[in-house]
Amino acid sequence: QVRLVESGGGSVQAGGSLRLSCAASGSIFSIKAMGWYRQPPEKQRDLVARINSSGTTMYADSVKGRFTISRDSAKNTVYLQMDNLKPEDTAVYYCITQVVSDTGSSATWGQGIQVTVSS
């Protein structure tokens with residue numbers, strides 16, 4: 001069983017920064033990819049950023065140039081550095097990881113963490 005623990009959310013004024021962390025634990029053989037999605041109030045959950053095992057990254061157009069995703073493979077942890085935050089970045093942010101574990105290949109979601117940006 002794989003478990004994700006997210007941290008680093010909170011409230012910030014527009015133009016500020018936050019750094020989200022997501023640590024994976026459990027019977028992990030390898031991690032294929034890790035990423036972040038977000039879900040604003042009453043809207044769908046959309047991809048924010050993703051990083052694969054080779055370090056290749058991808059970003060939603062709305063966050064390019066402001067957000068940076070990175071990972072520490074030794075710690076099975078992914079980070080999302082969010083700079084120049086805007087009110088429209090307000091959402092619950094969810095970590096997701098694709099892992100190979102003792103039960104096979106699977107995707108696991110974190111519990112979600114609130115990010116609120118005020119104008």
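**Exercise 1. A charged pair**

Are D89 and R38 buried or exposed? State also how the two side chains are related and where they sit.

*Solution.* The model is predicted.
Step 1. Look up the accessibility of both residues: D89 is buried, and R38 is buried as well. For D89 the relative accessibility is 1%, and the limit for buried is under 20%, so D89 falls in the buried class.
Step 2. Check the distance between the charged groups. The closest N and O atoms of D89 and R38 are 2.9 Å apart, and the two residues form a salt bridge.
Step 3. Place the residues in the chain. D89 belongs to the loop between strand 8 and strand 9 (91-101), while R38 belongs to strand 4, so this pair ties together parts that are 51 residues apart in sequence.

**Exercise 2. Completing the set of salt bridges**

How many salt bridges does the structure hold? Describe those that were not treated in Exercise 1, and find out which residues form a network.

*Solution.*
Step 1. The structure holds 3 salt bridges. As background, side chains of opposite charge can pair when their charged atoms come close.
Step 2. Take D61 and K64. Their side chains meet in a salt bridge with an N to O distance of 3.1 Å. D61 has a relative accessibility of 63% and counts as exposed.
Step 3. Take R66 and D89. This salt bridge has its closest N and O atoms 2.7 Å apart. R66 is in the loop between strand 6 (57-59) and strand 7, and D89 is in the loop between strand 8 and strand 9, so the pair ties together parts that are 23 residues apart in sequence. R66 is buried, at a relative accessible area of 8%.
Step 4. Look for shared partners. Through them, R38, R66 and D89 are joined into one network of salt bridges.

**Exercise 3. A charged residue without a salt bridge**

Which side chain of opposite charge is nearest to E6, and how far away is it? List the backbone nitrogens that the side chain of E6 reaches.

*Solution.*
Step 1. Locate the residue: E6 is part of strand 1 (residues 2-7).
Step 2. Test for a salt bridge. E6 is buried, and the nearest side chain of opposite charge is that of R45, 8.0 Å away. A salt bridge needs the charged atoms within 4 Å, and E6 has none.
Step 3. Look for polar partners in the backbone. A polar atom of the E6 side chain lies 2.6 Å from the backbone nitrogen of C95. The backbone nitrogen of Q111 is reached by the E6 side chain at 3.3 Å.
Step 4. Add the surroundings. Leaving out residues up to four places away in sequence, E6 touches ten-odd positions that need not be memorised; among them are C22, W36, Y94, C95 and Q111.

**Exercise 4. The surroundings of L20**

Where is L20 found? Determine its accessibility and some of its contacts.

*Solution.*
Step 1. L20 is found in strand 3 (residues 18-26).
Step 2. The relative accessibility of L20 is 0%, and L20 therefore counts as buried.
Step 3. Not counting residues up to four places away in sequence, L20 touches W36, V78, L80, M82, Y93 and V115, among others.
Step 4. Compare sequence and space: G10 and L20 are 10 residues apart along the chain, and their C-alpha atoms are separated by 9.6 Å.

**Exercise 5. Positive phi angles**

What is the phi angle of E42? Treat N76 in the same way, and give the place and accessibility of both residues.

*Solution.*
Step 1. E42 is not a glycine, yet its phi is positive, about 60 degrees. E42 sits in the loop between strand 4 (28-39) and strand 5 (46-52). With a relative accessible area of 86%, E42 is exposed.
Step 2. N76, also not a glycine, has a positive phi of about 50 degrees. N76 sits in the loop between strand 7 (67-72) and strand 8 (77-82). Its relative accessible area is 24%, and N76 is partly exposed.

**Exercise 6. The whole chain**

How many helices and strands are in the chain? Describe its overall dimensions and surface.

*Solution.*
Step 1. The chain has 0 helices and 11 strands. Its radius of gyration is 14 Å, close to the 14 Å given by the globule rule for 119 residues, so the chain is as compact as a globular protein of that length.
Step 2. The C-alpha trace spans about 45 × 25 × 20 Å along its principal axes.
Step 3. Of the 119 residues, 42% count as buried. The accessible surface is about 6,200 Å², and 46% of it belongs to carbon and sulfur atoms.
Step 4. Among contacts between residues at least 6 apart in sequence, 56% join residues at least 24 apart.

Terms used: Residues numbered from 1 in each chain as written. Predicted model: local features only at pLDDT ≥ 70, side-chain atom pairs only at ≥ 80, totals over all residues. Heavy atoms only, no water. Helix = DSSP H or I, 4+ residues; strand = E, 2+ residues; numbered from the N terminus. Buried < 20%, exposed > 50% of the residue type's maximum accessible area, 1.4 Å probe, protein only. Lys, Arg positive; Asp, Glu negative; His and termini not counted. Polar contact = N/O pair within 3.5 Å; in protein donor to acceptor, adjacent residues only side chain to side chain. Contact = heavy atoms within 4.5 Å. Rg over C-alpha atoms; globule rule 2.2 N^0.38 Å. Areas by Shrake-Rupley, 256 points an atom, 1.4 Å probe, with all protein chains shown as cover.
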